[in-house]
Amino acid sequence: MGNLHIIHRSLSHLDILESEAIHIMREVAAECGNPALLFSGGKDSIVLLRLAEKAFRPAKFPFPLLHIDTEHNFPEVIDFRDRRAKELGERLIVRSMEDSIRKKRVILKRPDQSRNAFQSVTLLDAIAEFKFDACMGGARRDEEKARAKERIFSFRDEFGQWDPKNQRPELWDLYNTRVHPGENIRVFPISNWTELDIWQYIEQEKLEIPSIYFAHPREVIRRGSSLLPVSHLVSPMEGEKIERLSVRFRTVGDMTCTCPVESTASTLQDIIIETAKTRITERGATRMDDQTSDASMELRKKEGYF
Amino acid sequence: MKNIELLRFITAGSVDDGKSTLIGRLLHDSKSIFEDQLSAIENTTKKRGLSGVDLSLLTDGLQAEREQGITIDVAYRYFATPKRKFIIADTPGHEQYTRNMVTGASTANLAIILIDARRGVLTQTRRHAYLANLVGIPHLVVAVNKMDLVGYSRETFESIVKEFEGFASGLDIKSIIPIPISALAGDNVVERGQNMPWYKGETLMGVLENIEIDHDINLEDFRFPVQWICRPQTGEWHDFRGYMGRIESGSIRVGDEITVLPSGKTSKIREIATYDGPLLEAMAPQSVTLRLEDELDISRGDMIVKSDNLPKLSKEFDAMLCWLSEEPLEMGKRYLIKHATKTAKILLNRIDYQVNVNTLEKEEGLDSLAMNDIAKIGFRVQQPLASDSYRHNRSTGSFIVIDEVTNNTVAAGMMI
């Protein structure tokens, strides 16, 4: 009986955000015929997994985990992804962009081109293959201005497309999950969380995260205002030189366009302090693909990106 | 970690009232705008041939909006101070977007109604106040903006407040907080400024940080709509059967006597289970798993309540309805209702009257409703629903109406 305690206080903002996310996941499980949870090994989807444990344990998750692998991912993250799925004893489905390239569903101009935008093709193919009617993802509204206008239950037509002008009204916590065959919804249980909330929750729950989120020495190239990590896909152009700096990643995605920030934060506490003080948005600092134009994310979402 | 509270609010007003500028100001002065966002809007301001930083550009999210210079949908913004985390639902003020305001308002603790000091109380001001009240927002801030353009005149402010209060006395608003501000210059938003020494009240940020919100949630009446049944049926959990859901209102303790609705069967709480271990007591809005002393037949859509505090159980309801769809309401057509965790067929059988949200006059004798119409209606449900009046309980008094053919959400309803 050691765990029993009585609540004498009002709930914290993290308690309320957690309960909201659990409620959303249970609605998906109960009302959607064949849902999946998108798990990349990144920090937001790591939080989603803990929320799913809170929502469904002691039973198994009533959905598989799905990863759309660009094969441009950091090896530390892929190792972590596989290990975490195994520890949880949950089914992990991986669909790779190589398959889409082989089937000529994706045609790259250059082999080292960023693959983020093409994830949509592989994702839509996986949705069709498994007949998923709902995919839960770790997107947050504070990440980007197109996300800020998206519903928690985001309806997609039979082409997988998002129509920002024609979204279903979303009132109270009453989610309309009904779709016609071929249509599907994307569900974002942590829509209302910010980057800082995520880090505070990771600390509160003592969640393990891939090592590249912590400060480590890495070879990078300065390009514009970003630091590009040197890898087999990224090497210096003329006039650029390789530097070895102490950096950490704020997001983990395609290696060709995900940039670390200079940092010496080696613990979660350090990261929380840095996040609270930072003056640059998460995507602004770390995603080259969102800097292409003012509407990059909006355009990608209209193509089926999550 | 330090406990901070969560406050959700909406801003209602048109582009011309300076709503986007106000939100930009709140974010800017609370240091919630990031440098890259600031440099992006500086660039855009320059591209449009203007100078300085147009803070309204921060909230204009979509390409379509930036092209047209309008706000077309509800956008959510986040910022935090050491006292609270804030979620803003930014809703447009145009006439055709009543549905967006109702959407944004449905989860808000507080509404900021913007009035242009030069124009005073307008039709849209009345509409916004009526809607905020209809949706049961407990706190209303009347922000009289553009005070810099009326010479920071106390008389202008007071006469606008008087006119607003006159109108609002016909409504049932609990607390109205008037504040004279200039979103452009920053007066009384986060910083007090030098221009209105006659104003002794709190700044807008002061109100947002300090207003009491503990009582916004109903902590009296325990209501637990069952979302999901947990039956692992494996190994050590072979006999585990738990009812998962979120406590929508009230609180519950181990040993409490409960009733399951609509069946009326009774039992006692054996355990309040969570991933982090069992609790002796839990309260709204926690998500928990309830285990009962007895094996009862309970499924999703049922509601667990305390036996000494029962909601209304009925198939016949009166409600206020806000029609959201471009397809008008058709009497006699079958619709679905989603109420708590239950979805059921309904028959709308009466429109008592429609409310003209501009004059608050009631119009009778209608047999259809169009988008943005608000009406008192009567309906019958196929199966009995356990509900409370919306005034008493926002969670168990609210519902949405879904068109069974198109699957669209066509209306939002509030039980009377």
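**Exercise 1. Which residue is the bridge partner of A:His67 in strand 3 of chain A?**

Solution. Keep in mind that this is a predicted model.
- Start with the pair of strands: strand 2 of chain A, residues 65–69, is joined to strand 3 of chain A by 5 bridges.
- Next, look at the direction: these two strands run parallel.
- Now follow A:His67 across to strand 3, and you arrive at A:Val94.

**Exercise 2. Work out the order of the strands in the open sheet of chain A, and find which strands stand at the edges.**

Solution.
- Reading across the sheet of 6 strands, the order is 3-2-1-4-6-5.
- The pairing is mixed, so expect to meet both senses as you go; parallel is what strands 4 and 6 of chain A show, while strands 5 and 6 of chain A are antiparallel.
- The edges belong to strand 3 (92–96) and strand 5 (153–156) of chain A; each has a single partner strand, so one side of each lacks a neighbour in the sheet.
- As you step from one strand to the next, the twist averages 30°.

**Exercise 3. Describe how strand 6 of chain A is paired with strand 4 and with strand 5.**

Solution. Take one neighbour at a time.
- Strand 4 of chain A (residues 134–136) runs parallel to strand 6, and 3 bridges join them. Here A:Met136 has A:Val187 of strand 6 as its bridge partner.
- Strand 5 of chain A pairs with strand 6 over 4 bridges, in the antiparallel sense. On this side, A:Phe155 has A:Ile185 of strand 6 as its bridge partner.

**Exercise 4. Are the residues on the two faces of strand 6 of chain A buried or exposed?**

Solution.
- Begin with a general rule: side chains in a regular strand alternate between the two faces of the sheet.
- Apply that to residues 184–187 of chain A: A:Asn184 and A:Arg186 lie on one side, with A:Ile185 and A:Val187 on the other.
- Check each of the four, and you will find them all buried, which leaves both faces of the strand covered.

**Exercise 5. Put the figures for chain A and chain B side by side.**

Solution. Go through the two chains property by property.

| Property | Chain A | Chain B |
|---|---|---|
| Helices | 9 | 7 |
| Strands | 10 | 22 |
| Residues | 306 | 416 |
| Buried residues | 51% | 49% |
| Contacts joining residues at least 24 apart, among those between residues at least 6 apart in sequence | 76% | 70% |

Note on methods:
Residues numbered from 1 in each chain as written. Chains lettered and ligands numbered in written order. Predicted model: local features only at pLDDT ≥ 70, side-chain atom pairs only at ≥ 80, totals over all residues. Pairing = 2+ DSSP bridges. Axes fitted to C-alpha atoms, helices over the stretch in contact; angles between N-to-C directions. Buried ≥ 20, exposed ≤ 12 C-beta atoms within 10 Å, placed from the backbone. Contact = placed C-beta atoms within 7 Å.
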